[in-house]
Amino acid sequence: MPATTEHSRGVRRVAIAGLGAVGLRVAEALDEGLPGCALVAVSANDRVRAAERLAHLRCPVPVVPVEDLEALADIVVECAPAALLPAIAGPFLRAGKTVIVLSSGAILSHQELVQLARAHGGQIVVPTGALLGLDAVTAAAEGDIRSVRMITRKPVKGLVGAPYLVEHDIAIADITEPLRIFDGTPREAAIGFPANLNVAVALALAGIGPDRTRLEIWADPALTRNTHTIEVDADSASFTMSIANVPTDNPKTGRITALSVISYLRKLNAPLRIGS
Ligand SMILES: NC(=O)C1=CN([C@@H]2O[C@H](COP(=O)(O)OP(=O)(O)OC[C@H]3O[C@@H](n4cnc5c(N)ncnc54)[C@H](O)[C@@H]3O)[C@@H](O)[C@H]2O)C=CC1
Ligand SMILES: O=C([O-])CC(=O)C(=O)O
C-alpha cells in the first residue's frame, strides 16, 4: 500500500462556532480558498443574521446549533463567547478531533477538556491569536524559564464593562492619563477580564503557567490599539516583544487574531511550513 502523503489525506472539513469579528474573517478566507480545507458549517447566536453575514460568500454554508457541528466537520474553530467553550469543544474532543480555541482564558476553568483530548486522541490548538512569539516561549520552556512578564495597554473602550472593573468599582470612562487597573496573574485576569486577556492565558500556557506569569493591565485614553509587551528571561535566551493590534469592529479584538487562525489552517497542508 502506498504511503499516505499530504496530498492524499483529503480535504479537512472546518466548522466555525461564532460568527463575530474572528469567525466571519476566517469564514471568508476559507471561502476564498485555503488548500486542503473546506468550510462546511457555522454556528451563530442569531441564525437569520448569520445567513445575511454569509450571503456574500461564493459557497454559503448552513448555520446550525453548536451541538450539530461535530457531525459535519473534522475541525472546529471556537470563536464564540468564552462560556460556550465546553459545549463547542466537548463533542469534537470526544470524537478525537481538533478544536482551535480562541477563548483560551476559559481553558483554565475547563481543564477537563484537556483530559478529554488526551483520552480520545483529540487536540486543542491555541493559536498565537492577538499575541506574538509563542513559538519562542514554547521553545524556551523546553529549557528553564526564570520569569515571564506581560504588560497590556488598551484603549478605554476595549476594557469598559470588564467584571474586574465593576467588582472593584474602578471607573475608567473619564480618565485622562494612563491608569494601571490590574497587577496579578493570568489566572486572576481570566476571571476578571474574560473578553480581554485570552492572550495572557495563552502566554502562560506556553511558558511557566497561569500562577507564575506576571501581568499588568493599563487603560490608556491616548491609545487606539491594544498593545502587549512580553518579557521573558530564560536559560536559553532573554527576549522582549511587543505588538500593537489594529482593532476590528469589535474594539476588544485585534485584526491579527483571525489572521493567526487562517495562517494555522494554511500551514496544515503546506509543503513548506514556517514557524512551529
Ligand atoms: N486568543 C486570542 O488571541 C483572542 C481571543 N479572542 C476571543 O475570541 C472569541 C471571539 O472573539 P470575537 O470574534 O472578537 O468575538 P465577537 O463578540 O465579535 O463574536 C462572537 C460571536 O459569537 C456569537 N455567539 C453568541 N452566542 C452564540 C451561540 N450560542 N452559538 C454560536 N455563536 C454564538 C455572537 O453572536 C458573536 O457573533 C472571544 O471569546 C474573544 O474573547 C479575541 C481576540 C484575541
Ligand atoms: O487578549 C485578547 O483577547 C484580545 C487582545 O488583547 C487583542 O486583540 O489585542
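Is Asp 169 buried or exposed? Asp 169 is exposed, because its relative accessibility is 73% and the cut-off for exposed is over 50%. Keep in mind that this is a predicted model.

**View 1. Asp 169 sits in a loop with a positive phi angle.** Zoom in on the stretch between helix H6 (163-167) and strand S7, and you'll find Asp 169 in that loop. Check the backbone here: phi of Asp 169 is near 55 degrees, a positive value in a residue that isn't glycine. As for the side of things facing solvent, Asp 169 comes out as exposed, at 73% relative accessibility.

**View 2. Ala 130 and Asn 198 are the two positions of a UniProt "binding site" feature.** The annotation comes from an unreviewed UniProt entry, which puts "binding site" at Ala 130 and Asn 198. They're spread over 69 residues of sequence, yet they cluster in space, with a largest C-alpha distance of 8.7 Å. Ala 130 and Asn 198 also both belong to the lining of the largest pocket.

**View 3. Ala 130 is a buried loop residue.** Look between strand S5 (123-125) and helix H5 (134-141): the loop there holds Ala 130. Its relative accessible area is 13%, and the cut-off for buried is under 20%, so Ala 130 counts as buried. Leaving out residues up to four places away in sequence, Ala 130 touches Val 199, His 228, Ile 243, Asn 245, Ile 256 and Thr 257.

**View 4. Asn 198 is a buried residue of helix H8.** Helix H8 covers residues 198-206, and Asn 198 is part of it. With 18% relative accessibility, Asn 198 counts as buried. Beyond four places in sequence, the residues that Asn 198 touches are Leu 102, Ser 103, Ser 104 and Gly 105.

**View 5. Ser 103 pairs with Glu 78 through their side chains.** Ser 103 is in the loop that runs between strand S4 (98-101) and helix H4 (112-120). It's buried, at 6% relative accessibility. The side chains of Ser 103 and Glu 78 make a polar contact of 2.6 Å. Sequence neighbours up to four places away aside, Ser 103 touches Glu 78, Ala 80, Pro 81, Ala 82, Leu 85 and Asn 198.

**View 6. Ligand 1 has 24 residues around it.** Those that come nearest are Val 22, Ser 103, Ala 130, Asn 198 and Thr 253. Now for the polar atoms. A backbone N or O atom of Ala 130 is 2.8 Å from an oxygen atom of ligand 1, while Asn 198 brings a polar side-chain atom to 2.9 Å from an oxygen atom of the ligand. Gly 20 joins in with a polar backbone atom, 3.4 Å from an oxygen atom of ligand 1. On its own ligand 1 exposes 860 Å², and the protein buries 80% of that.

**View 7. Ligand 2 also has Ala 130 and Asn 198 around it.** Among the other residues around ligand 2 are Lys 154, Asn 196, Asn 226, His 228, Lys 252 and Thr 253. Three polar pairs are worth picking out. The side chain of Lys 154 has an N or O atom 2.8 Å from an oxygen atom of ligand 2, and the side chain of Asn 198 has one at 3.1 Å from an oxygen atom of ligand 2. From Gly 254 it's a backbone N or O atom, 2.7 Å from a ligand 2 oxygen. Taken alone, ligand 2 has 260 Å² of accessible area, and the protein covers 94% of it.

**View 8. Glu 216 on strand S8 touches Phe 182 on strand S7.** Strand S8 (residues 214-219) carries Glu 216, which counts as buried at 12% relative accessibility. Its side chain makes a polar contact of 3.2 Å with the side chain of Arg 149. Other residues touching Glu 216 include Met 150, Ile 151, Thr 152, Arg 180 and Asp 183. Over on strand S7 (residues 179-184), Phe 182 is buried too, with 3% relative accessibility. Besides Glu 216, Phe 182 is in contact with residues including Tyr 164, Phe 193, Leu 215 and Ile 217. Phe 182 and Ala 219 are 37 residues apart in sequence, and their C-alpha atoms are 9.4 Å apart in space.

Technical notes. Residues numbered from 1 in each chain as written. Chains lettered and ligands numbered in written order. Predicted model: local features only at pLDDT ≥ 70, side-chain atom pairs only at ≥ 80, totals over all residues. Heavy atoms only, no water. UniProt positions renumbered as here; feature names shortened; annotations may be inferred. 1 Å grid on protein atoms, 1.4 Å probe; cavity = no way out; pocket = protein on both sides within 12 Å on 5 of 7 lines; lining within 4 Å. Helix = DSSP H or I, 4+ residues; strand = E, 2+ residues; numbered from the N terminus. Buried < 20%, exposed > 50% of the residue type's maximum accessible area, 1.4 Å probe, protein only. Contact = heavy atoms within 4.5 Å. Near = heavy atom within 4 Å. Polar contact = N/O pair within 3.5 Å; in protein donor to acceptor, adjacent residues only side chain to side chain. Areas by Shrake-Rupley, 256 points an atom, 1.4 Å probe, with all protein chains shown as cover.
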